[in-house]
Amino acid sequence: KVFEYAVSEKDSSKLLALEKVVQQNLQKRIQTQALEMVALLKEFQLIFEIEGDSGVFVAPQYLPDKILDRNRLGDLWYFSKPQYTFSVKYGDFMPKSIFTRFVSVYGHLCDKRQYAKYELYFAKNGMGAHILCDYPENTIHFYVQNKEPSFANELFNTLYKIDNARSLEV
């Protein structure tokens, strides 16, 4: 009912200016809320950003189960001959969110988008990893190409921070 009265030409320009300010403030508020939501989703390890600061985010829980383009894997230097392999088994139960949160931590490091809901290939500081999640067996398999055990240790510690279940077996 605010705009239901006759407006002079002078007053109409004031109303247009006011409308523009209101729209700008609304856009700023929407942008702020969107940035806050993205920060919250990242904090809870529900999304990751691809290709640096692209503004493109991936939610691993909506990815295909396995990497679809298997032909591209041959191009990845860290795909073959891992120096360290180990598996982590959850004795009684492995929550579905465990591996998708792990993908959110390391997904931004994937070359050629080699990530899926239950599979991940990436390299960090010249050290490569191929990680597979086998939910029916409650197991996550790690294949690490690196001569230093510190990278394998980092991967395990990352998983342990996500879920330090007492039933973990290595």
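Biologist: In the hairpin of strand 5 and strand 6, which residue takes a positive phi?

Modeller: Asn125 takes it, with a phi near 50°, and this hairpin has two residues between its strands. The structure is a predicted model, in which local features need pLDDT of at least 70 and side-chain atom pairs count only at pLDDT 80 or more, while totals for chains, interfaces and linings use all residues. Residues are numbered from 1 along each chain as its sequence is written, and side-chain values use heavy atoms, with hydrogens and water left out.

Biologist: What makes a run of residues a helix or a strand?

Modeller: Both are DSSP runs, numbered from the N terminus: a helix is H or I over at least four residues, and a strand is E over at least two. On that basis the protein chain has three helices and eight strands, and their sequence from the N terminus is α-β-β-β-α-β-β-β-β-α-β.

Biologist: How do you know that strand 5 and strand 6 pair?

Modeller: Two strands pair if DSSP finds at least two bridges between them. Strand 5 and strand 6 have six bridges, in the antiparallel sense, and therefore satisfy that condition. Within this pair, Lys124 stands opposite Met127 of strand 6.

Biologist: How many bridges join strand 6 to strand 7?

Modeller: Seven bridges join these antiparallel strands, so the pairing criterion of DSSP is met here also. His130 has Tyr143 of strand 7 as its bridge partner. The hairpin of strand 6 and strand 7 has four residues between the strands, and Asn138 there has a positive phi near 55°.

Biologist: Why is Asn138 called buried?

Modeller: Buried means under 20% relative accessible area, exposed over 50%, and partly exposed in between, with a 1.4 Å probe and protein chains only. The relative accessible area of Asn138 is 16%, so the residue is buried. By the same cut-offs, 34% of the 170 residues in the protein chain are buried.

Biologist: Where else does a residue other than glycine have a positive phi?

Modeller: Gln45 has one, near 55°. Its place is in the loop between helix 1 (9-43) and strand 1 (48-49).

Biologist: What makes strand 4 and strand 8 edge strands?

Modeller: The open sheet has six strands in the order 4-5-6-7-3-8, with antiparallel pairing. Strand 4 (115-116) and strand 8 (168-169) each have a single partner strand, so one side of each is left without a neighbour in the sheet. Strand 4 pairs with strand 5 over two bridges; Tyr115 has Leu120 as its bridge partner, and the hairpin of these strands has two residues between them. At the other edge, two bridges join strand 8 to strand 3, and Lys89 has Glu169 as its partner in strand 8.

Biologist: Why is strand 6 called largely enclosed?

Modeller: Seven of its eight residues are buried, so the rest of the structure largely encloses strand 6. Helix 2 is described likewise, because seven of its 10 residues are buried. These are Ile98, Phe99, Thr100, Phe102, Val103, Ser104 and Tyr106.

Biologist: How do you know that the buried residues of helix 3 line one face?

Modeller: The buried residues of helix 3 are Phe151, Ala152, Leu155, Thr158, Leu159 and Ile162. Seen down the helix axis, they fall within an arc of 120°, so they line one face; the arc is that of the directions from the axis to the C-beta atoms. Contact means heavy atoms within 4.5 Å, and these residues pack against strand 3 (84-90), helix 2 (97-106), strand 5 (119-124), strand 6 (127-134) and strand 7 (139-145).

Biologist: What span is expected of helix 3 (residues 149-162)?

Modeller: The expected span is 1.5 Å times one less than the number of residues. Helix 3 has 14 residues, for which 20 Å is expected, and its first and last C-alpha atoms are 20 Å apart, close to that value.

Biologist: At what angle does helix 3 run to strand 3?

Modeller: The angle is about 15°. Axes are lines fitted to C-alpha atoms, for helices over the stretch in contact, and angles run from 0 to 180 degrees between N-to-C directions. Helix 2 runs at about 30° to strand 5.
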